Amino acid sequence: MKIKLKRVGTPYVLETENETGNKILIDASPEIGGSNSGPRPMELLIMGLAGCSSIDVIMILQKHKIEITDYSVEVDAEREKVDQVSLFSKIHMKFKVKGAFETEQVKRAIDLSLEKYCSVAKTLEKTATITYEFEIV
């Protein structure tokens with residue numbers, strides 16, 4: 001995996017690009033001089049958690065021939081200062097799923113993702129407690 005980053009605006013507007021040419025702007029908060037032109041790096045990490053687990057959950061349900069008609073995730077994350085850095089300490093995810101399935105199937109798919117398959121969750125669990133709930137809509 002290779003990522004390129006270049007400064008495209010002052011003082012902290014940065015553009016990242018992956019190997020296939022997809023780009024994302026990153027910026028700092030206004031409190032330190034940024035302009036909110038893009039998500040902050042720690043927000044990207046939580047977005048990565050939501051994306052990683054969602055790909056797993058959707059893939060697991062599809063493998064069981066379960067059709068999903070609507071899907072979303074909300075993430076609430078808390079950070080705690082440890083020495084000079086602020087690490088995630090608590091992360092709560094709320095999955096909202098609509099489709100033709102049993103409640104237990106959705107729970108099992110989320111459990112498999114967060115406990116076994118999602119690399120982002122496995123990375124974050126070293127400092128944060130990750131909890132979840134889900135709602136069938």
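In the predicted model, D83 is found in the loop that runs between strand β4 (68-82) and strand β5. The phi angle of D83 is near 55 degrees, a positive value in a residue other than glycine. Most residues other than glycine have a negative phi. D83 is exposed, its relative accessible area being 69%. A second non-glycine residue, N36, has a positive phi of about 55 degrees. N36 is placed in the loop between β3 (23-26) and α1. With a relative accessibility of 45%, N36 counts as partly exposed, because the partly exposed class lies between the limits of 20% and 50%.

A further backbone feature occurs in the loop between β1 (3-9) and β2 (13-18), where T10 is found. The peptide bond leading from T10 to P11 is cis, and its omega is near -10 degrees. Most peptide bonds are trans. P11 also belongs to the loop between β1 and β2. T10 is exposed, with 64% relative accessible area. Although T10 and G33 are 23 residues apart along the chain, a distance of 9.2 Å separates their C-alpha atoms.

These loops belong to a protein whose secondary structure comprises three helices and six strands. Along the sequence, the elements follow the pattern β-β-β-α-β-β-α-α-β. The C-alpha atoms fill a box of roughly 50 × 35 × 25 Å along the principal axes. Of the 137 residues in the protein, 29% are buried. Where contacts join residues at least 6 apart in sequence, 48% of them link residues at least 24 apart.

Helix packing was examined for α1 and α2. Two packed helices are described by the angle between their axes and the distance between the axes. Helix α1 (residues 41-63) packs against helix α2 (residues 103-117) at an angle of about 130 degrees, and the two axes are 9 Å apart. The helices α1 and α2 are therefore oblique to each other. This assignment follows because an angle over 145 degrees would be needed for a roughly antiparallel pair, whereas the roughly perpendicular range ends at 115 degrees. The crossing in which α1 passes α2 is right-handed.

On the α1 side, the residues that meet α2 are L49, C52, S53, D56, V57, I60 and L61. Their counterparts in α2 are Q105, V106, A109, I110, L112, S113, L114 and Y117. One of these, S113 in helix α2, is buried, with a relative accessible area of 0%. Beyond residues up to four places away in sequence, S113 touches C52, S53, D56, V57 and I60, together with C118.

The structure holds one aromatic pair. A pair of aromatic rings is described by the distance of the centres and the angle of the planes. The pair is formed by F95 and Y132, with 6.1 Å from centre to centre and 90 degrees between the planes, and its geometry is edge-to-face. F95 lies in strand β5 (residues 85-99) and Y132 in strand β6 (residues 129-136), so the pair ties together parts that are 37 residues apart in sequence. F95 is buried, having a relative accessible area of 0%, whereas Y132, at 23% relative accessibility, counts as partly exposed. The value for Y132 falls in the partly exposed class because buried residues must be under 20%.

Strand β5 also contains S89. S89 is buried, with a relative accessible area of 16%. When residues up to four places away in sequence are not counted, the contacts of S89 comprise E78, R79, E80, T127, A128 and T129. One of these residues, R79, additionally lies over the face of F88, at 5.8 Å from the ring centre.

Key
Residues are numbered from 1 along each chain as its sequence is written. This is a predicted model: local features need pLDDT of at least 70, side-chain atom pairs count only at pLDDT 80 or more; totals for chains, interfaces and linings use all residues. Side-chain values use heavy atoms; hydrogens and water are left out. Rings of Phe, Tyr and Trp (its six-membered ring) pair if their centres lie within 6.5 Å; planes under 30 degrees apart count as stacked, over 60 as edge-to-face and the rest as tilted. Helices (H or I, at least four residues) and strands (E, at least two) are DSSP runs, numbered from the N terminus. Buried means under 20% relative accessible area, exposed over 50%, partly exposed in between (1.4 Å probe, protein chains only). A charge sits over a ring if NZ of Lys or CZ of Arg is within 6 Å of the ring centre and within 35 degrees of the ring normal. Contact means heavy atoms within 4.5 Å. Axes are lines fitted to C-alpha atoms, for helices over the stretch in contact, and angles run from 0 to 180 degrees between N-to-C directions. Angles under 35 degrees count as roughly parallel, over 145 as roughly antiparallel, 65 to 115 as roughly perpendicular and the rest as oblique. A crossing is left-handed if the near helix is turned anticlockwise from the far one by less than a right angle, and right-handed if clockwise.
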